[in-house]
Amino acid sequence: AFSATLIYFILWNLFDKYIWKASVLRRWHHLDDFSGIWVGVGHTSFNDTRYKFKLSVQQTFTRMSCDVETVNSRSGAILMGVIRDHAMSKERRLHMAYVNGVWSDDAKWNKTWPDSHLGFCSYRLEEEKLFGDYFTNSSPQTRGTIELKRIDPCLEDKWLDLIEP
């Protein structure tokens with residue numbers, strides 16, 4: 001019984017972390033791999049500005065976490081999921097409800113922006129790019145778009161230099 005449990009545990013962990021990403025299995029379970037470092041530009045209705053944006057996604061078959069970093073703030077997903085718009089659609093989206101917090105000194109001194117707020121973003125995957133639409137409950141309430149591309153994880157520390165706003 002112990003060896004059977006150990007074999008099951010090993011096989012399940014291999015599937016959960018690696019095997020599920022195989023293209024033949026993705027056609028069966030319809031779960032895209034969003035894991036990685038995504039960088040690009042966001043455009044917000046707040047003062048009609050553009051800003052540099054990094055999305056970090058850690059994903060296994062059973063778990064997912066998403067974190068966002070900009071020059072002035074950080075966000076963490078509190079609820080996320082990969083869904084299809086309808087049963088016949090091949091397009092899958094990463095939906096993410098998040099809490100955003102201001103962390104730079106420059107942003108903290110700007111009293112027109114709250115210290116934290118909630119928001120929702122819906123990303124669609126097209127080849128190796130993510131396109132997102134978001135809105136917040138901040139005051140002032142904002143909305144915007146995001147366009148990201150996946151980068152090599154070894155470039156993560158240089159992400160700000162890779163983006164032209």
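**Figure 1. Eight strands close into a barrel.** In this predicted model, the strands run in the order β1-β2-β3-β4-β5-β6-β7-β8 and form a closed barrel with antiparallel pairing. On average, neighbouring strands of this sheet are turned by 30° against each other, direction ignored. Strands of a sheet pair through backbone hydrogen bonds, and they can do so in a parallel or an antiparallel way. Stepping back to the whole protein chain, we find three helices alongside the eight strands. Reading along the sequence gives the pattern α-α-β-β-β-β-β-α-β-β-β. The C-alpha trace spans about 60 × 35 × 30 Å along its principal axes. Of the 165 residues in the protein chain, 38% are buried. If we take contacts between residues at least 6 apart in sequence, 48% of them join residues at least 24 apart.

**Figure 2. Strand β8 pairs with β1 and with β7.** Here is the place to look for the closure of the barrel. Strand β8 (residues 143–151) pairs with β1 in the antiparallel sense over eight bridges. Within this pairing, Ile 37 stands opposite Ile 151 in β8. Strand β7 (residues 129–136) also runs antiparallel to β8, and seven bridges join the two. For an example, take Gly 132, whose bridge partner in β8 is Ile 146. The connection from β7 to β8 is a hairpin through six residues.

**Figure 3. Strands β5 and β6 run side by side.** This view moves to another pairing in the barrel. Nine bridges hold β5 and strand β6 (residues 116–126) together in the antiparallel sense. Follow the pairing to Ala 97, and you will find Phe 120 of β6 standing opposite.

**Figure 4. Ring pairs link four aromatic residues into a cluster.** The members are Trp 12, Phe 15, Trp 20 and Phe 61. How many aromatic pairs are there by this rule? The count comes to five. One of them is the edge-to-face pair of Phe 15 and Phe 61, with 5.0 Å centre to centre and 70° between the planes. Phe 15 belongs to helix α1 (residues 2–17), while Phe 61 sits in the loop between β2 (49–59) and β3 (64–70), so this pair ties together parts that are 46 residues apart in sequence. Phe 15 is buried, because its relative accessible area of 16% falls under 20%. Phe 61, at 27% relative accessible area, is partly exposed. Phe 61 also pairs with Trp 20, this time in a tilted arrangement with 6.3 Å centre to centre and 50° between the planes. Since Trp 20 lies in the loop between α1 and α2 (23–29) and Phe 61 in the loop between β2 and β3, the pair ties together parts that are 41 residues apart in sequence. Is Trp 20 buried or exposed? Trp 20 is buried, with a relative accessible area of 0%.

**Figure 5. Asp 32 makes a polar contact with Arg 92.** Asp 32 is found in the loop between α2 and β1 (36–44). With a relative accessibility of 17%, Asp 32 counts as buried. The side chains of Asp 32 and Arg 92 are joined by a polar contact of 3.3 Å. Leaving aside residues up to four places away in sequence, Asp 32 touches Trp 20, Arg 26, Gln 59, Arg 92 and Leu 125. Trp 20 may be familiar from the previous view, as a member of the ring cluster.

**Figure 6. Glu 91 sits in the loop between two strands.** The strands on either side of this loop are β4 (73–84) and β5 (92–102). Glu 91 is partly exposed, with a relative accessible area of 27%. Not counting residues up to four places away in sequence, Glu 91 touches Ile 83, Arg 84, Asp 85 and Arg 124. What separates the C-alpha atoms of Glu 91 and His 30? They are 9.6 Å apart, and the two residues are 61 residues apart along the chain.

**Figure 7. Cys 66 is in no disulfide.** A disulfide is a covalent bond between the sulfur atoms of two cysteines. A search of the whole structure finds zero of them. For Cys 66, the nearest cysteine sulfur is that of Cys 121, at 9.8 Å. That pair does not count as a disulfide, because the sulfur atoms would have to lie within 2.5 Å. Cys 66 is buried, with a relative accessible area of 3%, whereas Cys 154 counts as exposed at 58%.

Methods
Residues are numbered from 1 along each chain as its sequence is written. This is a predicted model: local features need pLDDT of at least 70, side-chain atom pairs count only at pLDDT 80 or more; totals for chains, interfaces and linings use all residues. Side-chain values use heavy atoms; hydrogens and water are left out. Helices (H or I, at least four residues) and strands (E, at least two) are DSSP runs, numbered from the N terminus. Buried means under 20% relative accessible area, exposed over 50%, partly exposed in between (1.4 Å probe, protein chains only). Contact means heavy atoms within 4.5 Å. Rings of Phe, Tyr and Trp (its six-membered ring) pair if their centres lie within 6.5 Å; planes under 30 degrees apart count as stacked, over 60 as edge-to-face and the rest as tilted. Two strands pair if DSSP finds at least two bridges between them. Axes are lines fitted to C-alpha atoms, for helices over the stretch in contact, and angles run from 0 to 180 degrees between N-to-C directions. A polar contact is a pair of N or O atoms within 3.5 Å; within protein, one must be able to donate a hydrogen and the other to accept it, and residues adjacent in sequence count only if both atoms are side-chain atoms.
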